[in-house]
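Reader: I have a model open and want to learn how to read it. Can you take me through it, feature by feature?

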Amino acid sequence: MKLKQLQSFLEDLDVFDSPNIELEQYPTTPHLAAQALFTACSYGDIEDQSVVDLGCGCGVLSVASTLMGAGHVIGVDIDESALAIAQGNVEEFEDMHIDLVQCDIVNNMQQLSRLKADTVVMNPPFGTRCKGADIAFLKAGFAIASKAVYSLHKSSTRAHVLRVAETELGATKAEVVAEMRYDISASYKFHKEKSKDIAVDFLRFELPGREE
């Protein structure tokens, strides 16, 4: 599937009607999701692989992973209403199957202990409302993945995220594989502008057990 075709499919997906600010719910834009999954595919981490989408929200990255040939996809989110939207999005595609699991990723790591996959993809909270949520998601990703973790983070937090991955989580390689612009539309009452363009890094973390 070509990049433009993938983005076109993702543009038809439903997103949040009433996003939850405490969960920092912002839809992953079709452009961002398509670029991210194409990048992950170039490393061989999606096609025919088992993939977990942490904090899947409305399921954009889950659907994109499946469309790019993932062998099995599981979407995990704390929000029941988001998972309902994700299920609706999955059902729009004939013969697409994605398992959706409700779980508190930040506060209930034990519940995720049995969940394993080759690759984890995620657009985690930036940690602006719940301090440290971005790192909590990263730790969960490392606990689940056997090969690689892909995650979107504010470029301004790059040094901190890379340091944690390498020194605390044991990544054998931590690198920025794409620098992107996250165009976030006004979603909450406190937003003064119609949209805000944020510099983000798409990071790839290689785990010790990865075989080349």
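Reader: Leaving aside neighbours within four places in sequence, which residues is Ser 50 in contact with?

Author: This is a predicted model. Ser 50 is in contact with His 72, Ala 117, Asp 118 and Thr 119. Ser 50 itself sits in strand β1. Compare Thr 66: it is 16 residues from Ser 50 in sequence, and the C-alpha atoms are 9.8 Å apart.

Reader: Which strand does β1 pair with, and in what sense?

Author: Strand β1 covers residues 50–54 and pairs with β4 in the parallel sense. Four bridges join the two. For a landmark, take Val 52, which stands opposite Val 120 in β4.

Reader: What lies along β4 besides β1? Which strand is joined to β4 by five bridges?

Author: That is β5, residues 145–154, and it runs parallel to β4. Look at Val 120 again: its bridge partner in β5 is Val 149. A general point helps with the side chains. In a regular strand they alternate between the two faces of the sheet.

Reader: How many residues of β4 are buried?

Author: Buried means under 20% relative accessible area. In β4, residues 117–122, six of the six residues are buried, so the strand is largely enclosed by the rest of the structure.

Reader: Now a helix. Is α3 mostly covered or mostly open?

Author: Mostly covered: six of the eight residues of α3, which spans 60–67, are buried. They are Val 60, Leu 61, Ser 62, Val 63, Ala 64 and Ser 65.

Reader: What do the buried residues of α3 pack against?

Author: Three helices and strands from several places in the chain come up here. The list is α1 (3–10), α2 (30–42), β1, β2 (72–77), α4 (80–91) and β4. After α3 comes Gly 69, with a positive phi near 95 degrees.

Reader: Next, the rings. How many aromatic pairs does the structure hold?

Author: Four. A pair of aromatic rings is described by the distance of the centres and the angle of the planes. Take Phe 9 and Phe 93: their ring centres are 6.0 Å apart and their planes stand at 65 degrees, so the pair is edge-to-face. Phe 9 is in helix α1 and Phe 93 in the loop between α4 and β3 (99–102), so this pair links distant parts of the chain, 84 residues apart.

Reader: Are Phe 9 and Phe 93 buried or exposed?

Author: They split. Phe 9 is partly exposed, at 30% relative accessible area. Phe 93 is buried, at 15%.

Reader: And what is the geometry of the pair Phe 126 and Tyr 182?

Author: Edge-to-face, with 6.3 Å centre to centre and 80 degrees between the planes. Phe 126 lies in the loop between β4 and α5 (133–144) and Tyr 182 in strand β6 (173–185), so the pair ties together parts 56 residues apart in sequence. Phe 126 counts as buried at 16% relative accessibility. Tyr 182 counts as buried too, at 2%.

Reader: Turn to the surface. What is the volume of the largest pocket?

Author: About 510 Å³. The pocket is lined by 31 residues, and the closest to its centre are Leu 23, Glu 24, Gly 55, Pro 125 and Phe 137. The elements giving two or more residues to the lining are β1, α3 and α5.

Reader: Last, confidence. Which elements have the lowest and the highest mean pLDDT?

Author: Start with the general rule. Where pLDDT is low, the predicted coordinates should not be read in detail. Here the chain averages 89, and 89% of the residues score at least 70. Among the elements, β6 has the lowest mean, 86, and α3 the highest, 98.

Conventions. Residues are numbered from 1 along each chain as its sequence is written. Side-chain values use heavy atoms; hydrogens and water are left out. Buried means under 20% relative accessible area, exposed over 50%, partly exposed in between (1.4 Å probe, protein chains only). Two strands pair if DSSP finds at least two bridges between them. Contact means heavy atoms within 4.5 Å. Rings of Phe, Tyr and Trp (its six-membered ring) pair if their centres lie within 6.5 Å; planes under 30 degrees apart count as stacked, over 60 as edge-to-face and the rest as tilted. pLDDT is the predictor's confidence in each residue, from 0 to 100. On a 1 Å grid over the protein atoms alone, a cavity is a set of points where a 1.4 Å probe fits but cannot get out, and a pocket is an open set with protein on both sides within 12 Å along at least five of seven lines; lining residues have an atom within 4 Å of a point. Grid points are joined across faces, edges and corners, and a volume is the space filled by probe spheres set on the points.
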